[in-house]
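Me: I am new to this structure and would like a close look at one part of it, the empty space inside. Please go through it slowly and link it to the rest of the chain.

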Amino acid sequence: MNLEIIDHSASKRIQSIKVKEKELEKLIFPFNKHSIQSLEYKPFSRFSLAKSIDDVFDGNLSKTLNKILKDRNTGVAIIEPDIKNSKFDKDFLVKLSTGLAYLVGLPNFDLMTDKYYARFYVKHSDSSDSYLRKAYRNLDLHTDGTFVKEKTDWLLMTKMEETNVKGGESVLLHLDDWEHCEELSSDPVGKQNFVWSSPKSKNVGYKVEHPVFSKDGSGKPTISYIDQFPEPKNMEQGLFLQKLSDALEESKNKIIFPLTPGSTIFSNNYFWLHGRKPFKKNINLSRELLRIRGVFF
Ligand SMILES: [Fe+2]
């Protein structure tokens with residue numbers, strides 16, 4: 001297999017897939033067939049793009065990604081392309097991210113951008129209404145898709161580029177490594193329906209209801225949670241969420257690591273939580289991210 005897969009230096013649960021320059025070179029010709037606009041306008045073109053990536057790895061990349069993402073013991077792949085050469089530009093990364101997503105499933109429509117993906121910056125100053133783009137705040141551990149009707153099985157995040165950045169490390173926590181998983185996932189309040197809404201920038205015009213904890217097909221706990229968006233309706237729910245938030249943030253088993261620009265974190269959204277450490281203050285700091293979230297085929 002011409003695919004290099006190793007345990008990530010931060011955790012054996014995270015599988016690191018290195019893509020060498022030689023393999024990336026082979027993608028240039030098939031990628032040139034598609035413009036960013038045609039990928040946005042014609043959903044079928046994304047499948048053909050994904051197939052061209054899989055062909056470079058003899059069909060092994062789709063099998064590997066599906067296995068890693070669905071396996072409870074792993075559930076996160078970090079794809080690290082060797083993009084030092086400037087010909088692998090931002091359009092290349094959008095196409096690579098699109099292809100990776102379509103090897104495992106279908107993206108949900110991203111209401112923040114009205115596209116199948118979203119690109120956004122984190123900078124020194126920010127006037128938005130959520131923690132996502134607040135550089136000097138901890139982005140607490142959470143899952144995605146908590147306030148939308150669609151299922152969100154997986155999440156893909158690509159670091160497009162960054163300049164003048166110190167701090168802002170990625171933070172991940174696997175539910176099975178969390179010290180308080182048993183205690184809180186078996187708490188009856190965690191199984192109650194909570195109301196979830198979202199701030200204006202998310203462009204979601206409705207509220208949804210679901211519990212924080214559910215169970216997967218084999219009876220193991222899954223989580224759907226973010227600190228900003230549940231609307232507790234009584235003292236019991238409010239205190240439960242506070243306890244949950246504290247117990248997640250104080251976990252000693254969080255995996256904290258710097259992500260190389262150009263790399264993608266591809267994670268199962270049911271048993272992995274993700275977050276970000278605060279950045280060190282710098283008025284010129286800039287990080288651009290791309291995200292796609294969706295469902296398995
Ligand atoms: Fe998120």
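How much space lies in the largest pocket? Please start there and then move on to the cavities and the parts around them.

Reply: The model is a predicted one. Its largest pocket holds about 260 Å³ of space. Lining that pocket are 18 residues, and Gly145, His210, Ile223, Ser224 and Tyr270 are the closest to its centre. Two strands, β11 (213-215) and β12 (221-223), each give at least two residues to this lining. Sorted by class, the lining of the largest pocket has nine polar residues, six nonpolar ones and three charged ones.

Next come the cavities. There are three of 30 Å³ or more. The largest cavity has a volume of about 480 Å³. Its lining is made of 35 residues, and those nearest the centre are Leu132, Leu139, His142, Met157 and His274. Two or more residues of this lining come from each of β5 (118-123), β6, β7 (154-163), β8 (170-174), β16 and β17 (286-296). Of these strands, β17 gives the most, namely four residues. The lining of the largest cavity comprises 15 nonpolar residues, 10 polar and 10 charged.

Two residues named for the largest cavity, His142 and His274, also appear at the metal site. The iron ion has three protein donors, His142 through NE2, Asp144 through OD and His274 through NE2, at 2.1 to 2.2 Å from the ion. Along the sequence, these donor residues follow the spacing H-x1-D-x129-H. The two histidines bring together distant parts of the chain: His142 belongs to strand β6 (residues 139-142) and His274 to strand β16 (residues 272-276), with their positions 132 residues apart in the numbering. Both histidines, His142 and His274, are buried.

The second largest cavity has a volume of about 160 Å³. It is lined by 17 residues, and Phe109, Asp110, Leu111, Val148 and Arg293 lie nearest its centre. This lining has nine nonpolar, five charged and three polar residues.

Away from the cavities, the beginning of the chain can be read strand by strand. Strand β1 (residues 4-8) is joined to β2 by a hairpin of two residues. The two strands pair in the antiparallel sense over five bridges, and Glu4 has Lys18 of β2 as a bridge partner. On strand β3 (residues 76-81), six bridges connect to β2, and here the strands run parallel. One of these pairs is Ser16 with Ile78 in β3. Strand β2 (residues 11-19) is mostly covered, with seven of its nine residues buried.

A residue of β2, Ile17, is also touched by a helix residue: the contacts of Leu61, leaving aside residues up to four places away in sequence, are Leu3, Ile17, Ile53, Asp54, Leu100 and Leu103. Leu61 sits in helix α4 (residues 60-70). Leu61 counts as buried because its relative accessible area is 4%, and buried means under 20%. Leu61 and Asn2 are 59 residues apart in sequence, yet their C-alpha atoms are 9.6 Å apart in space.

Key
Residues numbered from 1 in each chain as written. Predicted model: local features only at pLDDT ≥ 70, side-chain atom pairs only at ≥ 80, totals over all residues. Heavy atoms only, no water. 1 Å grid on protein atoms, 1.4 Å probe; cavity = no way out; pocket = protein on both sides within 12 Å on 5 of 7 lines; lining within 4 Å. Points joined across faces, edges and corners; volume = space filled by probe spheres on them. Nonpolar A, V, L, I, M, F, W, Y, C, P; charged D, E, K, R; others polar. Donors = N, O, S within 2.8 Å, 3.2 Å for Na, K, Ca; no water. Buried < 20%, exposed > 50% of the residue type's maximum accessible area, 1.4 Å probe, protein only. Contact = heavy atoms within 4.5 Å. Pairing = 2+ DSSP bridges.
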